[in-house]
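Morning, everyone. Please have the model open while I talk. I'll take the empty spaces, then the domains, then the charged pairs and the backbone.

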Amino acid sequence: MAIVIIRQDGKIPIWQEALKKAAPQIVVYSYLEPHPKEEIIMALVWKHPKGQLMDYPNLECIACSGAGVDFIFEDMERPKALPITRVVDTMLAKDMSEHVIAVIFSYLKYLGHYRVDQMRKIWKPMQYRRIKDFKVGILGFGALGSVLAEDLVRFGFRVQGWSKSTKSLENIESFAGLDQLSAFLATTEILVCLLPLTDDTVGILNASLFEQLPKGAYIINVARGGHVVDADLIEYLENGHLSGACLDVFHEEPLPTDHPFWEHDKIHMTPHYASVSDTESVVPQIIENFRRLQRGEPLLNVVSKEKGY
Ligand code: NDP
């Protein structure tokens, strides 16, 4: 019984090393080397080549090495009956929270704006904004969104979240379902998207949603590029309804150099690196699931195929 790692970003050796260090007795192959395919019971994947998972006749589990599993559902040639697991990790959540908080403070204190002024030798102070001036709304109130919400509350932000089911977190207002989306948006001045990409959430950051935000709202998308209707975002930045956007994720990555986002003065971009699975932190849950597979026990962090996340 063995694990195969399938990913195309050059990080297979790092994962192999981390697994070997934590559990030297477990056999781990790279899909790029010759390996006995019938021995593989777990595929540890990240943006694997479509169809690749059909190569393993005894595969029992598709283990995503990150939190978002949209790329697995997009692979129509995968063994569909198999369980899919994903990463739920404190460090991943903290890294995401730190990223979003950095973006929010940069926005509040005009840091990006001053950097541009500096390059042009412009000295122009602006009245800075304070934590108390903003209510932050988080779309997607799960493993990542809820940690961010609690961290923001500790800083003194007013925070609310939107999810499928109602949540109960101290000092954080919870909105649930499409019925409560408008009320959530009407009082959100900084909107953070941390939704999974599913049939229900694709294109959710569109003109109709932007229209329901207060004038001057700021958008932070750290979920998936597919959540955004790019042309609608540009329209609402240019008509002044939105004050700006910070985007970490895009429909196509790397973003093509002719995309209008690159040169838009109201868009701040980062290269899909808000939060990345740390091998040392994540490997224990992969190993635990491998052992559970061997013992025939229920797996941790199983994705719902019905919900798509
Ligand atoms: P979770 O599955 O833990 O949370 C998802 C949240 O979204 C849940 O609160 C869920 O509601 C809510 N939700 C899902 N569908 C709907 C819907 N149709 N309507 C309302 N609410 C909905 O995911 P994570 O927090 O772990 O991760 C979120 C996403 O972040 C990932 O899917 C991934 O795409 C992205 N990500 C981005 C990274 C980056 O570097 N940019 C790094 C890591 C993740 P409920 O709780 O009621 O089920």
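Start with the lining of the largest cavity. Eight names to click on: A63, C64, T85, R86, V87, Q285, I286 and N289. Keep in mind that this is a predicted model. The volume of this cavity is about 30 Å³. How many cavities of 30 Å³ or more does the structure hold? One.

Which elements supply at least two residues each to that lining? Strand 4, residues 61-64, and helix 9, residues 279-295. Helix 9 gives the most, with three residues. By class, the lining has four nonpolar residues, three polar and one charged.

A word on how such spaces are found. Rolling a probe the size of a water molecule over the atoms shows where empty space is left.

Next, an open space. The second largest pocket has a volume of about 650 Å³. Its lining takes 21 residues, and G112, H113, V116, D265 and K266 lie nearest the centre. Four elements give two or more residues each: helix 3 (90-108), helix 4 (111-119), strand 11 (242-247) and strand 12 (267-269). Helix 4 has the largest share, six residues. The classes here are eight nonpolar, seven polar and six charged.

Now the domains. The domain assignment gives two entries for this chain. Domain 1 is written in two pieces, 2-89 and 277-295. Domain 2 runs 90-269. Their centres, taken over C-alpha atoms, are separated by 32 Å. Twelve residues of domain 1 and eight residues of domain 2 make the contact.

How much area is buried between domain 1 and domain 2? About 770 Å², with carbon and sulfur atoms giving 55% of that. On the domain 1 side, look at A67, D70 and D89. These residues lose the most area to domain 2, together 55% of what that side buries.

Stay on D70, one of those three. How many salt bridges are counted between the two domains? One. D70 forms a salt bridge with R224, and the closest N and O atoms are 3.0 Å apart. The general idea will be familiar. Side chains of opposite charge can pair when their charged atoms come close.

Across the whole structure, the search finds eleven salt bridges. Another one to look at is D55 with K37, where the closest N and O atoms are 3.5 Å apart. This pair links distant parts of the chain, 18 residues apart. D55 is in the loop between strand 3 (40-46) and strand 4. K37 is in the loop between strand 2 (27-30) and strand 3.

Last topic, the backbone. Most residues other than glycine have a negative phi, and most peptide bonds are trans. I have an exception to each.

Where is the peptide bond that is cis, with omega near -5°? From E253 to P254. P254 lies in the loop between strand 11 and strand 12. Strands 11 and 12 came up before, as elements in the lining of the second largest pocket.

Then N171. Its phi is near 65°, a positive value in a residue other than glycine. N171 also lies in a loop, between strand 7 (158-163) and strand 8 (172-176).

To recap, three places to look at. Find the cavity lined by residues such as Q285 and I286. Find the D70 to R224 salt bridge. Then find the cis bond from E253 to P254. Thanks.

Key: Residues are numbered from 1 along each chain as its sequence is written. This is a predicted model: local features need pLDDT of at least 70, side-chain atom pairs count only at pLDDT 80 or more; totals for chains, interfaces and linings use all residues. Side-chain values use heavy atoms; hydrogens and water are left out. On a 1 Å grid over the protein atoms alone, a cavity is a set of points where a 1.4 Å probe fits but cannot get out, and a pocket is an open set with protein on both sides within 12 Å along at least five of seven lines; lining residues have an atom within 4 Å of a point. Grid points are joined across faces, edges and corners, and a volume is the space filled by probe spheres set on the points. Ala, Val, Leu, Ile, Met, Phe, Trp, Tyr, Cys and Pro count as nonpolar, Asp, Glu, Lys and Arg as charged, and the others, Gly among them, as polar. Domain bounds come from an automatic or database domain assignment. Contact means heavy atoms within 4.5 Å. Buried area is the accessible area (1.4 Å probe) that two parts lose on being put together, summed over both. A salt bridge is a side-chain nitrogen of Lys or Arg within 4 Å of a carboxyl oxygen of Asp or Glu.
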